Amino acid sequence: MAKAQSGFNYYEWGAGFGGSYGRGFDDLNRQVWHPGGSLNLTYNYSPYVPMSLEFQFGTLEGGGRTPDKDQFGRYSKNNYKALLLHADLQLGEIIDYDNSGFLNVIKNFYGGTGIGAMFNNMKDIQRTNLYLYNGPNTYVFPGKDKSVNLMVPLRLGYEFKIYDDYDQVGYTITLGYQHSYVFGEGLDGYNDNTQKFKNNAPDQFAMFTLGFKYNFGNTVSYTKLVRNFRN
């Protein structure tokens, strides 16, 4: 009986960590790429539908105190943290990949979204105008050094499944891209007058991700063969 079920079962839970490389898309034209990281706890609704509570952290840096980097000398460095709840849908959940080597490869592509909170913390920010040809150097750019914003991530990627001795997915490695929309003006710490500064789109940031997850917990039976023994 155990042999008959080989390849159909999966673990109900997972936990993992990851690294990222990202940048912002906000009110400052110049942006700097920075590494970041993440920790997650995952409930595997199925082998192809993971639902995760994820903690992310990193740095978003933009602008500069010289005219070539920003006309006004605006500069910000945000050491952010974020807490997200998101779910991914892999193609294996919706396609019949049995007896197809090609479909068994593409079944691990995923897309997903979720909702979360972005905790912004400006470790360095230029609040006053540095160049008199723009106006008085006593002008203070409005905004907050610390803020919390609602965020919605859009996720794309591929998951490599590593099987254990029980033919279940014991580990996964994911390569992905996440583009997050942040509702508010906290990403760069500036909330400038829209009549004077271009500010016609929500703040956003993007990251390329690499993640590792260990699966554990109860063994659950799935309706389709997860592992392709023909490979």
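Visitor: What makes strand β2 and β4 a pair?

Guide: In this predicted model, strand β2 (residues 31-32) and β4 are joined in the antiparallel sense by two bridges. At least two bridges are needed for a pair, so β2 and β4 qualify. Within that pairing, V32 stands opposite E61 in β4.

Visitor: Which sense do β3 and β4 run in, and how many bridges join them?

Guide: They run antiparallel, with nine bridges between them. S38, for instance, stands opposite Q56 in β4. A hairpin of two residues makes the connection from β3 to β4. On to β5: β4 and β5 also run antiparallel, joined by 13 bridges, and there E54 stands opposite L84 in β5.

Visitor: Why is strand β4 described as largely enclosed by the rest of the structure?

Guide: Strand β4 covers residues 49-63, and 11 of its 15 residues are buried, so the description fits.

Visitor: How do you know that N44 is buried?

Guide: The relative accessible area of N44 is 6%. Buried means under 20%, so N44 belongs in that class. N44 is found in strand β3 (residues 34-46).

Visitor: What makes the approach of N44 to N215 a polar contact?

Guide: The two side chains come to 3.2 Å. The cut-off is 3.5 Å between N or O atoms, one able to donate a hydrogen and the other to accept it, so this pair counts. A polar atom of the N44 side chain also lies 3.1 Å from the backbone oxygen of Y11. Leaving aside residues up to four places away in sequence, N44 touches several others, including W13, P50 and K213.

Visitor: What makes up the largest nonpolar core?

Guide: There are 10 residues in this core: L60, Y80, A82, L84, M118, M151, V182, L187, F205 and M207. β5 (75-90) and β9 (203-221) each supply at least two of them, and β5 gives the largest share, three residues. As for L84, the residues it touches include I115, G116, M151 and P153.

Visitor: Why is the pair of Y48 and Y222 called edge-to-face?

Guide: A pair of aromatic rings is described by the distance of the centres and the angle of the planes. For Y48 and Y222, the centres are 5.8 Å apart and the planes meet at 65 degrees. Centres within 6.5 Å make a pair, and planes over 60 degrees apart count as edge-to-face, so the name follows. Y48 lies in the loop between β3 and β4 and Y222 in the segment after β9, so the pair ties together parts that are 174 residues apart in sequence. Y48 and Y222 are buried.

Visitor: What makes F141 and Y190 an edge-to-face pair?

Guide: Their values are 5.9 Å centre to centre and 85 degrees between the planes. With limits of 6.5 Å and 60 degrees, the pair is therefore edge-to-face. F141 sits in the loop between β6 (109-125) and β7 (146-163), while Y190 sits in the loop between β8 (169-183) and β9, 49 residues apart. F141 and Y190 are both buried.

Visitor: How do you know that R74 lies over the face of Y190?

Guide: R74 is 5.7 Å from the ring centre of Y190. The distance limit is 6 Å, with a further limit of 35 degrees from the ring normal, so R74 passes on distance, and it is listed as lying over the face. Likewise, the charged end of K107 sits over the ring of Y97, 4.4 Å from its centre.

Conventions
Residues numbered from 1 in each chain as written. Predicted model: local features only at pLDDT ≥ 70, side-chain atom pairs only at ≥ 80, totals over all residues. Heavy atoms only, no water. Helix = DSSP H or I, 4+ residues; strand = E, 2+ residues; numbered from the N terminus. Buried < 20%, exposed > 50% of the residue type's maximum accessible area, 1.4 Å probe, protein only. Contact = heavy atoms within 4.5 Å. Core = buried A, V, L, I, M, F, W, Y, C linked by side-chain atoms within 4.5 Å. Phe/Tyr/Trp six-rings, centres within 6.5 Å; stacked < 30°, edge-to-face > 60°.
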